Amino acid sequence: MDAVLEDYKTHLLSKVESGHTLESAGPITWGYRLQTSLAPTAWRAVTYEKGTWIIHMLRRRLGDEKFMSLLREVCSRYRFSAISTDQFRELAAQYAPPKLGDAELKGFFENWVYGTGIPTVKLAWSMRGLKLVGTVSQREVEDDFTAFVPIEVQSRREKTVYWLPTGSDPVPFSIPMKVPPTKVALLSTDCLITSAK
């Protein structure tokens with residue numbers, strides 16, 4: 001699955017004749033209107049490839065158990081009828097963990113479904129005593145684009161994933177630790193981002 005998602009990301013980031021990325025042709029909600037003479041493959045790429053990423057990111061944000069419950073509820077409640085994007089967002093928000101930033105998923109949908117852009121994200125971190133401190137910043141997207149990105153913090157005994165906000169200016173974070181981590185990394189396989197070096 002990771003290889004397929006990486007291929008989709010590469011395709012979405014490919015440049016079209018105008019010099020823009022294929023993904024920037026328009027938001028997924030435009031549907032068939034994305035197909036133009038300047039980017040004839042944009043409709044398929046944004047609808048199917050970015051759409052796959054959106055569902056994958058939503059699953060990672062909610063967790064497998066809650067995501068599967070969401071799918072069962074969608075099938076039960078909307079069987080043989082249409083569901084709007086906002087109805088889907090509202091239903092998905094009911095399954096979002098309460099401590100999750102953007103628990104109503106409005107920012108998630110605003111950026112990934114109704115907007116365009118794939119950020120390049122940079123993580124900078126250090127230890128201060130038993131606190132993991134640092135910043136997360138982004139580029140290659142509009143200033144008002146904000147996302148939550150997964151950061152994996154690994155110790156000898158466990159791995160924990162934290163969803164941290166990004167911004168055009170570096171967004172600081174501080175995470176108390178019981179022991180110093182052995183690894184801290186962006187999980188670019190869980191979120192449609194590229195990692196800055």
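Two strands pair if DSSP finds at least two bridges between them. That rule is handy from the start in this predicted model, where two bridges join strand β1 to strand β7 (residues 194-195). The two strands run parallel, and Val121 stands opposite Ser195 in β7.

On to the other partner of β1. Strand β1 covers residues 120-128 and strand β2 covers residues 131-139, and nine bridges hold them in an antiparallel pairing. One of the matched positions puts Leu123 across from Val136 in β2. The strands form a hairpin with just two residues between them, and here Gly129 takes a positive phi near 65°.

Ser137 gives a closer look at β2, the strand in which this residue lies. Its relative accessibility is 17%, and because buried means under 20% relative accessible area, Ser137 counts as buried. Setting aside neighbours within four places in sequence, Ser137 touches Thr120, Val121 and Lys122, and also Gly167, Asp169 and Pro170. Val121 thus turns up twice: as a contact of Ser137 and as the residue opposite Ser195.

Next comes an open sheet. Three strands make it up, in the order β4-β3-β6, and their pairing is antiparallel. Strands β4 (159-165) and β6 (183-186) stand at the edges; each has a single partner strand, so one side of each is left without a neighbour in the sheet. From one strand to the next, the twist averages 25°. Strand β3 (residues 148-154) is linked to β4 by seven bridges, again in the antiparallel sense. Among the bridge partners is the pair of Glu152 and Val161, the latter in β4.

Now for the helices. Two packed helices are described by the angle between their axes and the distance between the axes. For helix α1 (residues 2-13) and α2, the axes come within 10 Å and cross at roughly 130°. The two helices are therefore oblique to each other, and α1 passes α2 in a left-handed crossing. On the α1 side the contact is made by Leu5, Tyr8, Lys9, His11 and Leu12, while α2 brings in Ala45, Val46, Glu49, Lys50, Thr52, Trp53 and His56.

The loop between α1 and α2 holds Glu23. This residue has a relative accessible area of 2% and is buried. Val46 sits 23 residues away along the chain, yet the C-alpha atoms of Glu23 and Val46 are separated by 6.0 Å. Leaving out neighbours within four places in sequence, Glu23 is in contact with Leu12, Val46 and Lys50, together with Gly115, Thr116, Gly117 and Ile118. Leu12, Val46 and Lys50 also take part in the contact of α1 with α2.

Helix α4 (residues 85-93) has its own set of buried residues: Phe88, Arg89, Leu91, Ala92 and Ala93. These buried residues pack against three other helices, namely α2 (42-62), α3 (64-77) and α5 (106-112). Helix α2 is thus met by α4 as well as by α1.

Finally, the cysteines. The structure holds zero disulfides. Cys75 is partly exposed, its relative accessible area being 48%, whereas Cys191 is buried, at 2% relative accessibility.

Conventions: Residues are numbered from 1 along each chain as its sequence is written. This is a predicted model: local features need pLDDT of at least 70, side-chain atom pairs count only at pLDDT 80 or more; totals for chains, interfaces and linings use all residues. Side-chain values use heavy atoms; hydrogens and water are left out. Buried means under 20% relative accessible area, exposed over 50%, partly exposed in between (1.4 Å probe, protein chains only). Helices (H or I, at least four residues) and strands (E, at least two) are DSSP runs, numbered from the N terminus. Contact means heavy atoms within 4.5 Å. A disulfide is a pair of cysteine sulfur atoms within 2.5 Å. Axes are lines fitted to C-alpha atoms, for helices over the stretch in contact, and angles run from 0 to 180 degrees between N-to-C directions. Angles under 35 degrees count as roughly parallel, over 145 as roughly antiparallel, 65 to 115 as roughly perpendicular and the rest as oblique. A crossing is left-handed if the near helix is turned anticlockwise from the far one by less than a right angle, and right-handed if clockwise.
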